[in-house]
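Subject: Model handover and findings

Hello,

Here is the structure I said I would pass on. Please open it alongside this note, and my findings follow below.

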Amino acid sequence: MNNIKGFIFDLDGTLVTSSLDFLAIKAEIGCPVDIDALIYIAQLPTQQQRQEAMEIIHFHEMRDAQSCDWIPGARAFVFECLARELPMAIVTRNSQRSSKVKIENNNIPIELLLTRENSKPKPDPTALLDIARGFELPVDQMMMVGDYRYDLEAGRNAGMPSCLVNFSVEPDYVNLADYRFSDFHQFHQAMFI
């Protein structure tokens, strides 16, 4: 990991806690369990149906934004990156508005934020590639850090090393990660000590 010069973080479950119940949200919008909610909504037949489904998701995201807090160890990691002047960005599938509330409420010092409104959602690699270009870093010197398969798939699709953090039991997609740490404390030690 010595060659890593910048980081792209997922938000929910990576930097901050989240109480979003994706199964309940899918049930509320009529999305089958095995289909991605954003893909399902994009394929709804009318604009009104798509809008109503997105409003349901947005309601849940905004409610979640009011109660989130830093994941243990994530704040220290981010502030260490800041002290070392390592460029950082956040790429999330959440809305811009709910993401900004989470960032502001927790004083997260990462200015660059890409959401589903201003980039294709992960696992599409477009946001990651755009960020690497903007930071003027080759993709192999950037790291995608997340807690879910979409984060790791996005990293892989971008040709960027990925790191899985924040798990108690290794998930079935752990093979997609180039690095894995059960929490940010372990990640911090491996990266900076």
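A residue counts as exposed when its relative accessible area is over 50%, as buried when that area is under 20%, and as partly exposed in between. Please keep in mind throughout that this is a predicted model.

With that cut-off, glutamate 136 is exposed, because its relative accessible area is 72%. Glutamate 136 sits in the loop between H6 and S4. Its phi is positive, about 55°, although glutamate 136 is not a glycine.

Asparagine 166 also has a positive phi without being a glycine; the value is about 65°. The loop between S5 and strand S6 (179–181) holds asparagine 166. Its relative accessible area is 21%, so asparagine 166 counts as partly exposed.

**The cores**

The largest nonpolar core has 29 residues. Those with the most contacts inside it are Phe7, Phe9, Leu15, Phe77, Val145, Phe184 and Phe187. Several elements each supply at least two residues of this core: strands S1 (6–9), S2 (88–91), S4 (142–146) and S5 (162–165), and helices H4 (74–83) and H8 (184–192). Apart from this core lies another, of 14 residues. Ile131, Leu137, Met144 and Ala158 are among them.

Phenylalanine 184 is worth a look in the viewer. Leaving aside neighbours within four places in sequence, phenylalanine 184 is in contact with Phe9, Thr14, Leu15, Phe77, Val145 and Val165, among others. Its contacts also include Ile71, Pro72, Gly73 and Ala74, as well as Asn166. That last partner is the asparagine with the positive phi of about 65°.

**Helices H3 and H5**

Helix H3 covers residues 47–65, which is 19 residues. From its first C-alpha to its last, H3 reaches 26 Å, close to the 27 Å expected at 1.5 Å a residue. Its buried residues are Ala53, Ile57, His60, Glu61, Met62, Asp64 and Ala65. What covers them includes helix H1 (22–29), helix H2 (37–42) and helix H5 (96–105).

How do H3 and H5 pack, and at what crossing angle? Their axes come within 9 Å and cross at roughly 5°. H3 and H5 are therefore roughly parallel to each other. On the H3 side, the contact is made by His58, Glu61, Met62, Asp64 and Ala65. On the H5 side, the residues are Arg97, Ser98, Val101, Lys102 and Asn105. Together these divide into three nonpolar, three polar and four charged.

H5 has its own buried set: Ser98, Ser99, Val101, Lys102 and Ile103. These buried residues pack against H3, S2 and S3. Asparagine 107 follows H5, and its phi is positive, near 50°.

**Helix H7**

Helix H7 spans residues 149–158. Seven of its ten residues are buried, so H7 is largely enclosed by the rest of the structure. The buried residues are Tyr150, Asp151, Leu152, Glu153, Ala154, Gly155 and Ala158. One of these, Ala158, is also listed in the core of 14 residues. H6, S4 and S5 are among the elements that cover the buried residues of H7. Glycine 159 follows H7, with a positive phi near 75°.

**Loops and links across the chain**

Valine 174 is in the loop between S5 and S6. Is valine 174 buried or exposed? Valine 174 is buried, because its relative accessible area is 14%. Leaving aside neighbours within four places in sequence, valine 174 is in contact with Leu164 and Arg180. The C-alpha atoms of valine 174 and leucine 164 are separated by 7.4 Å, and the two residues are ten apart along the chain.

Isoleucine 39 is found in helix H2. Isoleucine 39 is partly exposed, with a relative accessible area of 46%. Isoleucine 39 and proline 121 are 82 residues apart in sequence, yet 9.7 Å apart in space, C-alpha to C-alpha.

One peptide bond to check: the bond from lysine 122 to proline 123 is cis, with omega near 20°. Proline 123 lies in the loop between strand S3 (112–114) and helix H6 (126–135).

Best wishes

Key:
Residues are numbered from 1 along each chain as its sequence is written. This is a predicted model: local features need pLDDT of at least 70, side-chain atom pairs count only at pLDDT 80 or more; totals for chains, interfaces and linings use all residues. Side-chain values use heavy atoms; hydrogens and water are left out. A nonpolar core is a set of buried Ala, Val, Leu, Ile, Met, Phe, Trp, Tyr and Cys residues joined through side-chain atoms within 4.5 Å. Buried means under 20% relative accessible area, exposed over 50%, partly exposed in between (1.4 Å probe, protein chains only). Helices (H or I, at least four residues) and strands (E, at least two) are DSSP runs, numbered from the N terminus. Contact means heavy atoms within 4.5 Å. The expected span of a helix is 1.5 Å times one less than its number of residues. Axes are lines fitted to C-alpha atoms, for helices over the stretch in contact, and angles run from 0 to 180 degrees between N-to-C directions. Angles under 35 degrees count as roughly parallel, over 145 as roughly antiparallel, 65 to 115 as roughly perpendicular and the rest as oblique. Ala, Val, Leu, Ile, Met, Phe, Trp, Tyr, Cys and Pro count as nonpolar, Asp, Glu, Lys and Arg as charged, and the others, Gly among them, as polar.
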